[in-house]
Amino acid sequence: IRCMSLNPNGMTMWKKDNQKANRLKSVLCSYHLDAVGLQEVCINWANYKPSYTLASILKSGFEPIRSARGYNEHETENIRNVQRGGTAAILRGPLSQFVKDQGNDHTKLGRWTWYKVEGEPGHITRFVSAYAPTGGKSSSPKSNYKQQVRYIQQRGLRTNPIKMFWDDLCKALSQWRERGDRIILMMDANNNVFNGRFTKKLKEANIEMKDCLLYTSDAADEG
C-alpha cells in the first residue's frame, strides 16, 4: 500500500483548466498511490452538490476512486466557495473496494477525515487525514484558527484550538486502538514531528504511533 500526505493550500472544483487538480491526478497515477490524505483543502462544500467530489475531478480512466471530506459545517453562509482549513481522504484502486465506513471530526470542524477499511474479517485499518490548527490573536477572522476560536467561545469551552485538537485527536486515536484498529495517520501537524510536544503524545502507551519514515529507516539499518 502506497500512501501520500499533502497540504495543497487549497483546491478548486473547476471541471476544466484545473491545474492543481491535474497535477495531483498526475502524481496519483505516476506513483501508483493507493491512499492520499489532504490537509487545508479550503473548500466550502455546502456550496456544492453531493456529486461534486474530489474523486470526480481526480478520476483517471476506469480505475475506482473514492473521496471523503471534512469542513467547518458551522460557518458556511456568506463565504462563497473558499473556507480555510478542511481535510480529505482519498482511496484508489483495489483498496477503495474494501471500505466499510467513513467519517470525520465529531465537532464538524473538519479537523480530520477517515476511511475504515477491512480486508480479512476483523483486520481493520483506518486511514486518517488530519490538519492541526496554527495561529494566534493576530490571525485573520477567516483563518482556520479563528474559526475554531469562535466555536470554542460560543460553547464556553476552557481550551484553545491547538490544545483542543491535540486532546480530541488523541482521544479518537486511543479509542480506535482499543478496538484493535491499525491506524495510518497522514497529518499536517504544525509541530516538530521529531520531538514536539504533540509528537510525544502520539507515542504514549495508549496510542503508540510511530513515524513511518524513521521507523522504516531504523528497521532497514537493523537489517
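Reader: In β8, which residue is the bridge partner of Phe-127?

Author: In this predicted model, strand β7 covers residues 124-131, and Phe-127 is listed on one of its two faces. Strand β8, made of residues 182-188, runs parallel to β7 and is joined to it by 7 bridges. Within that pairing, the bridge partner of Phe-127 in β8 is Ile-184.

Reader: Which residue of β7 is the bridge partner of Glu-118, and in what sense do β6 and β7 pair?

Author: Strand β6, residues 112-118, and β7 form a hairpin with 5 residues between the strands, and in that hairpin Gly-122 takes a positive phi near 90°. The two strands pair over 7 bridges in the antiparallel sense. The residue of β7 that is the bridge partner of Glu-118 is Ile-124.

Reader: Are the two faces of β7 covered or open?

Author: One side of the strand carries Ile-124, Arg-126, Val-128 and Ala-130, and the other carries Thr-125, Phe-127, Ser-129 and Tyr-131, with each of these residues buried. The count for the strand agrees, since 8 of its 8 residues are buried. Both faces of β7 are therefore, with buried meaning under 20% relative accessible area, to be described as covered.

Reader: Why does Asn-144 count as buried, and what is its relative accessible area?

Author: Asn-144 belongs to helix α3, which spans residues 144-154. Leaving aside neighbours within four places in sequence, Asn-144 is in contact with Arg-84, Gly-85, Gly-86, Tyr-131 and Pro-133. A residue is buried when its relative accessible area is under 20%, and Asn-144 meets that cut-off because its value is 8%.

Reader: Which residue has a side chain joined to that of Asn-144 by a polar contact?

Author: Asn-144 and its partner are both among the buried residues of α3. Residues three or four places apart in an α-helix point the same way, because there are 3.6 residues a turn. The polar contact from the side chain of Asn-144 has a length of 3.1 Å, and the side chain at its other end is that of Gln-148.

Reader: How many of the residues of α3 are buried?

Author: The buried residues of this helix include Tyr-145, Val-149, Tyr-151 and Ile-152, and what covers the buried residues includes β7 and α4. After the helix comes Gly-156, whose phi is positive, near 65°. Helix α3 is mostly covered, and the number of its 11 residues that are buried is 8.

Reader: Which residue caps the N-terminal end of α4?

Author: Helix α4 runs over residues 161-178 and reaches 26 Å from its first C-alpha to its last, close to the expected 26 Å. Its buried residues include Phe-165, Trp-166 and Trp-176, and among the elements that cover them are β6, β7, α3, β8 and α5. The helix is followed by Gly-180, with a positive phi near 90°. At the N-terminal end, a side-chain oxygen lies 3.1 Å from the backbone nitrogen of Ile-162, and the capping residue that supplies this oxygen is Asn-160.

Reader: Which element gives the most to the lining of the largest pocket?

Author: The largest pocket holds about 930 Å³ of space and is lined by 26 residues, with Leu-185, Lys-210, Asp-211, Cys-212 and Leu-213 lying nearest its centre. At least two lining residues come from each of β1, β8, α5 and α6. The element that gives the most, with 5 residues, is β8.

Notes:
Residues are numbered from 1 along each chain as its sequence is written. This is a predicted model: local features need pLDDT of at least 70, side-chain atom pairs count only at pLDDT 80 or more; totals for chains, interfaces and linings use all residues. Side-chain values use heavy atoms; hydrogens and water are left out. Buried means under 20% relative accessible area, exposed over 50%, partly exposed in between (1.4 Å probe, protein chains only). Helices (H or I, at least four residues) and strands (E, at least two) are DSSP runs, numbered from the N terminus. Two strands pair if DSSP finds at least two bridges between them. A polar contact is a pair of N or O atoms within 3.5 Å; within protein, one must be able to donate a hydrogen and the other to accept it, and residues adjacent in sequence count only if both atoms are side-chain atoms. Contact means heavy atoms within 4.5 Å. The expected span of a helix is 1.5 Å times one less than its number of residues. On a 1 Å grid over the protein atoms alone, a cavity is a set of points where a 1.4 Å probe fits but cannot get out, and a pocket is an open set with protein on both sides within 12 Å along at least five of seven lines; lining residues have an atom within 4 Å of a point. Grid points are joined across faces, edges and corners, and a volume is the space filled by probe spheres set on the points.
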